[in-house]
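Q: Could you go through this one with me, piece by piece? I'd like to start with how the protein chains meet and then turn to the DNA.

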Number of protein chains: 2
Amino acid sequence: MEATEHDKRKCPSHLSTGECNKQLLPVKDALDILSGKWKLQIILSLTFGKKRFRQIQREIPGLTPKMLSKELKELEINELAVRHVYDTLPVTIEYELTPYGRTLKPLIAELHKWGTKHRKRIIAGSRKKSG
Amino acid sequence: MEATEHDKRKCPSHLSTGECNKQLLPVKDALDILSGKWKLQIILSLTFGKKRFRQIQREIPGLTPKMLSKELKELEINELAVRHVYDTLPVTIEYELTPYGRTLKPLIAELHKWGTKHRKRIIAGSRKKSG
DNA sequence: TATACCGGTATACAAAAGGAAAGCGATATA
DNA sequence: TATATCGCTTTCCTTTTGTATACCGGTATA
């Protein structure tokens, strides 16, 4: 009843392969937004308040201005962060998480939850393998 | 009271920068497991039952054996999938999601939820920008 | 004048991810 | 003998991602 006789079975009968993949698009979107070497750290940095460019850079060792610039732009495009320009002399610029950006919080919390369990499991597993 | 006078503020006072980054490691783990061009599709394919190598490949247009092989290995290492070798002639091989692999479901659902809202928001936004 | 900070950009390069195509040993089919 | 299927691996190549470094115009500070 559960062996190898399901050669044609793929998706639930009401979904074509194409529809299945379509379901994955939003998942990929969410994943893309969080992916990239510095995104999470930058988002985390901004959850603690408005920050200036150099300030973020100083907080995150190894982060180059090019990368920071690029990632901040992506956050802006996705409306997760805003760039404020203050009319001082010289101009002061600050980046801030938007309320929308803060809606990522529960999602990141879920990732953290699963990731924490996974760390325990895999580390425990590798200990066992040689014991 | 919320302008530029918080130059030293970074993390909550009880967390050092190092501790903050440590909190991000499990999040990155979870992200890494789901990242990669074909992972989600492969996982999805396996949620509908055991599958043989070529079978998965046929279901996912564009997926090369090299990539499939690589991604399946990663799933195995993380104990999200198992590789069964049946003693037939020639040997038959099947891949299956583990119960542990199925624990990804709620996480993927969360990603889907957020991603769906985000799609709507960004698509609506880009319509507005030229209207 | 020289130095440093600000908010970045530009250029060149290296590393990682992914794609295209061929091939391998085995079995089956004609 | 020639062809095809299975479960992959290998090699070479392109694209994407990230790094290193220098630089820009502007202001401030010595």
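A: Gladly, with the caution that this is a predicted model. One place to start is a salt bridge between Glu79(A) and Arg121(B), whose closest N and O atoms are 2.9 Å apart.

Q: How many salt bridges are there across the interface of chain B and chain A?
A: The rule finds 4 salt bridges across that interface, and the count of residue pairs in polar contact between chain B and chain A, both residues being at pLDDT 80 or more, is 12.

Q: Which elements of chain B touch chain A, then?
A: Helix H1 (17-34), helix H2 (39-47), helix H3 (53-59) and helix H6 (105-129) of chain B each give two or more residues to that side. H1(B) gives the most, with 14 residues. By class, the residues on this side of chain B divide into 24 nonpolar, 16 polar and 16 charged.

Q: And how much area do the two chains bury between them?
A: Chain B and chain A bury about 5,500 Å² between them, with 61% of it on carbon and sulfur atoms. Within the area that chain B buries against chain A, Phe48(B), Tyr100(B) and Trp114(B) supply 13%, which is more than any other three residues. In terms of residues, the contact takes 56 from chain B and 57 from chain A.

Q: What turn lays chain B on chain A?
A: A turn of 180° with a shift of 0.0 Å along the axis lays chain B on chain A, with an RMSD of 0.1 Å. That is the relation of a two-fold axis. In chain B, the C-alpha nearest the axis belongs to Leu31(B), which lies 3.6 Å from it. The same surface serves both copies, in that 100% of the contact residues of chain B recur in chain A.

Q: Switching to the DNA, which residues are closest to strand C?
A: DNA strand C is surrounded by 19 residues, and the closest are Arg54(A), Ser69(A), Arg83(A), Lys37(B) and Lys66(B). Of the atoms of DNA strand C that come within 4 Å of the protein, sugar and phosphate account for 59%.

Q: Where do the side chains of Ser69(A) and Trp38(B) reach that strand?
A: A polar side-chain atom of Ser69(A) lies 2.6 Å from a phosphate oxygen of DNA strand C, and an N or O atom in the side chain of Trp38(B) is 3.1 Å from a phosphate oxygen of that strand. For Arg52(A), a polar side-chain atom lies 3.0 Å from a sugar or linking oxygen of DNA strand C.

Q: Which element gives the most to the surface near strand C?
A: H4(A) does, with 4 residues. The residues of that surface divide into 8 nonpolar, 2 polar and 9 charged.

Q: OK, and what comes nearest on strand D?
A: Of the 19 residues around DNA strand D, the nearest are Lys37(A), Lys66(A), Arg54(B), Ser69(B) and Arg83(B). The side chain of Arg83(B) has an N or O atom 2.5 Å from a phosphate oxygen of DNA strand D, while the corresponding distances to a phosphate oxygen of that strand are 3.0 Å for Lys73(B) and 3.4 Å for Lys70(A).

Q: Which elements supply the surface there?
A: H4 of chain A, together with H3, H4 and strand E2 (92-97) of chain B, give two or more residues each to the surface near DNA strand D. The largest share, 4 residues, comes from H4(B).

Methods. Residues are numbered from 1 along each chain as its sequence is written. Chains are lettered from A and ligands numbered from 1 in the order in which they are written. This is a predicted model: local features need pLDDT of at least 70, side-chain atom pairs count only at pLDDT 80 or more; totals for chains, interfaces and linings use all residues. Side-chain values use heavy atoms; hydrogens and water are left out. Contact means heavy atoms within 4.5 Å. Buried area is the accessible area (1.4 Å probe) that two parts lose on being put together, summed over both. A salt bridge is a side-chain nitrogen of Lys or Arg within 4 Å of a carboxyl oxygen of Asp or Glu. A polar contact is a pair of N or O atoms within 3.5 Å; within protein, one must be able to donate a hydrogen and the other to accept it, and residues adjacent in sequence count only if both atoms are side-chain atoms. Ala, Val, Leu, Ile, Met, Phe, Trp, Tyr, Cys and Pro count as nonpolar, Asp, Glu, Lys and Arg as charged, and the others, Gly among them, as polar. A residue is near a molecule or strand if one of its heavy atoms lies within 4 Å of it. Copies are superposed by least squares on the C-alpha atoms of residues with pLDDT of at least 70 in both.
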